[in-house]
Amino acid sequence: MVQVVNELPSYAAYERRQQRIQSVYQAYLLELERAQFDGDIDGSYSGRLIAATDNSVYQQLPQAVLYPRTQAALQQAFQLAQQAAFRSIQFAPRGGGTGTNGQSLTAGIVIDLSRYFNQVLEIDPERAWVRCQSGVVKDALNDAVRPHGFFFSPDLSTSNRATIGGMINTDASGQGSLVYGKTSDHILELRAVLLNGEVLHTAPISLQQAQEKARGETLEAAIYRQVLATCVDKRAAICAKFPPLNRFLTGYDLKHCYDEDRQLIDLSRLLAGSEGTLAIIVEAKLNLTLIPQHKVLVNVKYDDFQSALRHAPALVQARATSVETIDSNVLDLARNDIIWHQVASQLEDVADKPMRGINMVEFTAVAKADIDDKVASLCQQLEHLIANQPEQGIIGYQVCADGKSIQNIYAMRKKAVGLLGATKGRRKPVAFAEDTAVPPEHLADFILEFRAILDREQLHYGMFGHVDAGVLHVRPALDMTNPDDEQLLRKISDQVAALTAKYGGLMWGEHGKGYRSEYAPKFFGDELYQELQKLKAVFDPDNRLNPGKICTPWGTSASLVSVDATKRGFYDRQIPIHVQESYQPALNCNGNGLCFNYDADSAMCPSFKATGDRRFSPKGRATLIREWLRLNAEHGFDASQPPAAKWHPMKAVTGAFADDFNHEVKAAMDSCLACKACASQCPVKVDVPAFRARFLEWYHHKYRRPAKDFLVKQVESLASGLARAPRLANWLTHNGFSRWVTKRWFGYVDAPKLSVPTLHKRWQQQQWLSMDEQQLTAHVATLTSAQRDNIVVVVQDPFTSFYEAELVEAFGTLASHLGFQPILLRFAGNGKAQHVKGYLKDFAKTANRVAKQLNHVSQLQLPMVGLDASTVLCLHDEYRSVLTEPLNYQVQLSQTWLLDVLPSRVERVAVATPNLDLQLLTHCTEQTAMPKAASEWQQIFALWQIPLAMANTGCCGMAGTFGHESNNQAISTKLYDLSWRNKVEREVVTLATGFSCRSQVERHSPSKRALHPLQWLAANCR
Ligand SMILES: Cc1cc2nc3c(=O)[nH]c(=O)nc-3n(C[C@H](O)[C@H](O)[C@H](O)COP(=O)(O)OP(=O)(O)OC[C@H]3O[C@@H](n4cnc5c(N)ncnc54)[C@H](O)[C@@H]3O)c2cc1C
Ligand code: SF4
Ligand code: SF4
């Protein structure tokens, strides 16, 4: 029985004995460090934890993570491991970590190539190939080759975070595989490092050359000898065994390693799909495909998913490039997601007929006429079936030829796994039999039986996939913290393995084997499985490279990994249920890695983008919080409630150098910008700022806060006090000495200056009203209903009111021009900064005070408008978790209100046409929480016939006070450089909706000025 404690314990290494790095690994890492390994060696507990999971149900803590910078460093690491003392050391390579079956998990050392092996080295447009390092993300590779008119055609849903190395090693493929094939179909050459440190170069060579190579003494020669013995000598058995599927058997591809017709041997085919069990690939030369100039998508709608499956073969025969399917469960989840507003117009409901499945039929061609013919003929067939054969279940279709809309539909399809993760309840969709492949003509029958297996166990599931290739993605919902469901996973796995065999298919049609490798001997059969083992033995005789995956080396007693391996649920279930529920978003993270999005112009996740450190991502932070909660439970500490005792500075200790896991969690939280992209963009809404604030509250109950936190906590009342004498305050805070003090003692640089004249003065000069809620009630009581209709109440926030009063004035100006009476509501605070720093008690006080005021005003039924997105969103979002009274108010952002009132009043105001083009950059919090914000501004400007271009940007790097903190300067500047600088420094007028963003522009692009759209309108209206 664990004793319950009220203070956050320390989690020093000695208390975490079971997670200690084994002594042989410690000695090896020390030796590697001494040898000046060129790369990062991470033996920290947090660093190991983030490599302990992928998108699978498994969890395996590695001993350490190595991030080599160069091929030489990798060779050095392997050569050292050849020494007798280190012969027991094992390794597994890792790329994006998006494997669905634990492919990159190991109890040894993870070698992560995604951090430094991320260069595109050479592009040859004439011969249509690219040479790149193996850690390059697939979409990043496509960005590099796109200007030459090419793309790397094997597709996968994780294309914005999966690496080329990972793709090669799982032989990835996806949509369009009938035409584009798998990754292995596009490999021209590979460079790999073998376990003894030798470098292996692979490319197709003649049989004769292979035989010559096989005569040598090197490891390469031994490899060729075995390849010839297996792939050539056993050719008949291989051809007899392999099913004639588009998704041929992966790892090791005995069949395609030898091209009998052309008498070629290609070792790349052997490495492709080998899941890091043979060698580590450092470089690849890949062939490229011309980007099709014409693309049309026909979305066919069905009243039943089974109808969609049965119809698929006919669609393939319509000479489509690909046919993708989605069932009603996924469709319904998409409807409730932020993504739906992008696709709704392409998937309109059919009157009185529920849409319970769709097939997305894509046609691509170089010549437009080719597509037109095919599409016309398919449409004709569909019309005929809809009119004459209702029993086929087709209820309608829509044709989409617009590139952006097609992209959006595929984005929805790519998000399907994540969407399923948002399923309510303790059971969540999990991957373990999620990529079965059967010959497409058997798919509908196979799925009927598959469904029967799941229905017998009364499980929920969503289905989608590539029906053209017979691949269906099915993730049954299980509660992996429940041992009974863990047993069910084993039972269903066995049944599905048998079912795929019955239909002549594969259990691993797309994602590789990983922990499912235990089924490999049966699938390959004794004879061929032994050949696999012999190949493994020549590359890795001591079973040290990703051991237990795919097969064990011939002649050893090593065993395969099993579906019964330790799962994440084993650790999660150690956290009491009420604590799990209290920190649900962190528990819900399913590791799909969407938050590792490489694209600098996307909002998710700035701290990961700037650092390349996965601890500093939503997944990383969720992982660390889960482990923190588990350790808490182990020590009898309950973090589901806030600290009961009052914080006392004398009780708190600094402890900065103590070895305590709490510090590792804190370090991960410190680099979070609290931008909240994860709260809306993550498919399961892993809201990091919410649990970060709770962690910080507990952490600082134990460890003393830095002085800057006290400043932030008081920033609203300080600003409001100083704003009474802004000139004096600015002089006091911005002279050389006080700047030095602020930087040195409080860790803040270039804090903004208070507005002069103040908002109060400006408002008075304009003779607009300014009042508190009681005065407002009294005032409204004196008005006629027509007068009331012309009132707009301005809800103040600390940023614009005190530091950018001209923006609030601009709103007043525009509102007055439109015939409204703007009334400034007394400043009551906001509390966002208190929340960010984890002052949750103070935040609760502020929130309740402000909510009381807003609830009071809301009874008057007047529109309330706020000007800063992040603080307005806070009123509706963060407030919910702390309010003791109901949230009855609605504060709108200015564009939402304007769009509502403008159509009937736009004639009253003329706006001058700009001399330069206008572009709009939205605040990242607004962009993710209110994805329509930018288009609303475009609509507003369009009412005056003024074009407003939208620029895609990620976070600007400021995010409230984050960018002002001295220790965040590097991250903040990097983020600005990544996504903002090049857009701001164009010859255009930049409009930016965020206060933080405008401050960041002022700081980093001093020759430019970003205005809020309201400021521009107010300055140009007549
Ligand atoms: C939501 C979701 C959707 C998915 N959809 C698809 C899909 O449509 N199609 C598809 O094919 N897959 C899909 N997958 C699976 C996964 O994304 C792919 O297997 C992908 O190729 C893995 O790439 P990665 O960089 O994340 O590799 P990792 O997961 O890091 O590693 C995968 C394997 O490759 C090995 N490896 C990685 N890099 C190297 C290297 N340089 N040298 C040697 N071995 C290496 C690892 O040891 C491991 O065995 C999906 C996964 C998720 C989570
Ligand atoms: S935080 Fe969200 S996006 Fe990131 S891995 Fe977890 S579930 Fe996926
Ligand atoms: S709030 Fe922003 S920076 Fe923090 S984890 Fe979420 S996405 Fe990353």
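**Helix H8, two ligand shells and local backbone features**

In this predicted model, the buried residues of helix H8 are Leu219, Ala221, Ala222, Ile223, Tyr224, Gln226, Val227, Leu228, Thr230 and Cys231. With 10 of its 14 residues buried, H8 is largely enclosed by the rest of the structure. The helix runs over residues 219-232, and the distance from its first C-alpha to its last is 19 Å, close to the 20 Å expected at 1.5 Å a residue.

We may turn next to the ligands. Around ligand 2 there are 13 residues, of which Cys589, Asn592, Gly593, Cys595 and Cys682 are the closest. By class, this shell around ligand 2 holds eight nonpolar residues, four polar residues and one charged residue.

Ligand 3 is surrounded by 14 residues, and those that come nearest are Cys605, Arg621, Cys672, Cys675 and Cys678. The shell around ligand 3 comprises 11 nonpolar residues, one polar residue and two charged residues. Several helices contribute here: H24 (606-611), H25 (618-634), H27 (677-681) and H28 (688-702) each supply at least two residues of the shell around ligand 3.

At the surface, Leu728, Trp731 and Leu732 make a nonpolar patch of about 350 Å². Leu732 belongs to helix H31, which covers residues 726-734. Its relative accessible area is 44%, so Leu732 counts as partly exposed.

The backbone also offers some points of interest. Most residues other than glycine have a negative phi, and most peptide bonds are trans. Against that background, the peptide bond joining Val756 and Pro757 is cis, with an omega of about -5°. Pro757 sits in the loop between helix H32 (736-746) and helix H33 (759-765).

Two residues deserve a look for their phi values. Asn546 is not a glycine, yet its phi is positive, at about 40°. This residue, Asn546, is placed in the loop between helix H20 (520-539) and helix H21 (568-572). Asn546 is buried, because its relative accessible area is 1%. Gln945, also a residue other than glycine, has a positive phi near 55°. The loop that holds Gln945 lies between helix H43 (933-943) and strand E29 (948-950). With a relative accessibility of 66%, Gln945 counts as exposed. The positive phi values thus occur at a buried position in Asn546 and at an exposed position in Gln945.

Note on methods:
Residues numbered from 1 in each chain as written. Chains lettered and ligands numbered in written order. Predicted model: local features only at pLDDT ≥ 70, side-chain atom pairs only at ≥ 80, totals over all residues. Heavy atoms only, no water. Near = heavy atom within 4 Å. Helix = DSSP H or I, 4+ residues; strand = E, 2+ residues; numbered from the N terminus. Nonpolar A, V, L, I, M, F, W, Y, C, P; charged D, E, K, R; others polar. Expected span 1.5 Å × (residues − 1). Buried < 20%, exposed > 50% of the residue type's maximum accessible area, 1.4 Å probe, protein only. Patch = residues over 30% accessible without salt bridge, like charges linked within 9 Å, V, L, I, M, F, W, Y side chains within 5 Å. Areas by Shrake-Rupley, 256 points an atom, 1.4 Å probe, with all protein chains shown as cover. Salt bridge = Lys/Arg side-chain N within 4 Å of Asp/Glu carboxyl O.
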